[in-house]
Each structure stands twice: as structure tokens, then as C-alpha cells.
Amino acid sequence: MNDLTCVTNLTFGASTVWSTEGVQQGDHLGPLLFCLTIQPLLRSLSSNLVAGYIDDVTVGGSTARVVDDVTKISTIGPSYGLQLNASKCETISKSGAVSHTVLRDFEQITEDSAMLLGTPLSTGSALTCLALRYCDVLT
């Protein structure tokens, strides 16, 4: 083991595991430390819109810039602890179809039905669906 002052003793029953890397699950500083870690990557992106909420990253702009930034996140992100999961990614466009090989596995969504972190981005069907869901909860 390295420097023992940086080691955390984790016990489970009679077993002991020495935690020597990263933050522990449930550590309240974990999300902050992760955000600080990926900040240089986010600042290096060229899209008109770059927003991050912990490990949810949103980029927006021309298809070419978004493709460049998604490629950068895919290739450089893992070194920061940020792994792109294409099955959880979306593209939002007027037509609901963005044709580029880098974005081919992303879910294609129209502006009308788009949501960001659970918030509708328009007064279209996304807002209607959310309002109906809350009406159902209240009745």
C-alpha cells in the first residue's frame, strides 16, 4: 500500500478491505470532486451550448460541432472518469432525425418532445405529458 494516511479501512463482518483510490460511495464531496475533475474537459468543448450536471452533459449547436464534442467526450472522457453511454444519449432536432455515424446510436427526439433533466424544453408534447403525469399524481 502507498501512503497509509490516504488509506481508508472498510470493514464488512470480519473482512477488511483497504480503499486506496477515489471517493467512497455516499461521500458528500464525491459529486463535487467529479465535477471539478471533468471541468477542463467541458471547457475544451466547442459547441455553442455546453452544460453539465454531475455526469449528465449537454452540448448543442451545429451538427459538426456537436459531433466533434461527442467524439472528444468519447475519446478523452474516460481518462477523466466520464464514460459515454450511447443508449442514454439523445439528439434533439426539429425533424427528430440527425444523420451522422457518431450519433447513430442516440435516441432521436423532436424539439416538441424534448426534456432536459426532467424539464420540458418547449410548450409542446413534453410539457403536456409532464402536466398530465402530475395531474394523475394529485388526483
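In the predicted model, a nonpolar surface patch of about 540 Å² is made by Y53, I54, I92, L116, L117 and L121. Two of these patch residues, I54 and L117, were examined individually for their position in the chain, their accessibility and their backbone geometry.

L117 is found in the loop between strand 7 and strand 8, the latter spanning residues 119–120. The relative accessibility of L117 is 53%, and the residue therefore counts as exposed, the cut-off for that class being over 50%. The backbone of L117 has a phi near 50°, a positive value in a residue other than glycine. Most residues other than glycine have a negative phi.

I54 lies in the loop between strand 3 (49–53) and strand 4. With a relative accessibility of 31%, I54 counts as partly exposed, a class that runs between 20% and 50%. Residues enter a patch of this kind with over 30% relative accessible area and no salt bridge. As with the loop residue described above, phi of I54 is positive, in this case near 55°, and I54 is a residue other than glycine. The C-alpha atom of I54 is separated by 9.5 Å from that of L36, and the two residues are 18 positions apart along the chain.

The largest pocket was considered next. Its volume is about 1000 Å³, and 30 residues line it. Those that lie nearest the centre of the pocket are V57, T58, V59, C89 and E90. Two or more lining residues are given by each of strand 4 (56–60), helix 2 (63–80), strand 5 (90–93) and strand 7 (115–116). Strand 4 gives the most to the lining, with five residues. By residue class, the lining of the largest pocket divides into 17 nonpolar, eight polar and five charged residues.

Two further positions, T8 and G13, concern strand 1 and the loop that comes after it. T8 is found in strand 1, which covers residues 8–12. The relative accessible area of T8 is 31%, so this residue is classed as partly exposed. T8 and S19 are eleven residues apart along the chain, and their C-alpha atoms are separated by 5.0 Å.

G13 lies in the loop between strand 1 and strand 2, where strand 2 spans residues 15–19. At 74% relative accessibility, G13 counts as exposed. Between G13 and T101 the C-alpha to C-alpha distance is 50 Å, for a sequence separation of 88 residues.

In terms of accessibility class, L117 is thus exposed at 53% and G13 is exposed at 74%, whereas I54 and T8 are each partly exposed at 31%.

Conventions. Residues are numbered from 1 along each chain as its sequence is written. This is a predicted model: local features need pLDDT of at least 70, side-chain atom pairs count only at pLDDT 80 or more; totals for chains, interfaces and linings use all residues. Side-chain values use heavy atoms; hydrogens and water are left out. On a 1 Å grid over the protein atoms alone, a cavity is a set of points where a 1.4 Å probe fits but cannot get out, and a pocket is an open set with protein on both sides within 12 Å along at least five of seven lines; lining residues have an atom within 4 Å of a point. Grid points are joined across faces, edges and corners, and a volume is the space filled by probe spheres set on the points. Helices (H or I, at least four residues) and strands (E, at least two) are DSSP runs, numbered from the N terminus. Ala, Val, Leu, Ile, Met, Phe, Trp, Tyr, Cys and Pro count as nonpolar, Asp, Glu, Lys and Arg as charged, and the others, Gly among them, as polar. Patches are made of residues with over 30% relative accessible area and no salt bridge: like charges are joined within 9 Å, nonpolar side chains (Val, Leu, Ile, Met, Phe, Trp, Tyr) within 5 Å. Accessible areas come from the Shrake-Rupley method with a 1.4 Å probe; for residues, only the protein chains shown count as cover. A salt bridge is a side-chain nitrogen of Lys or Arg within 4 Å of a carboxyl oxygen of Asp or Glu. Buried means under 20% relative accessible area, exposed over 50%, partly exposed in between (1.4 Å probe, protein chains only).
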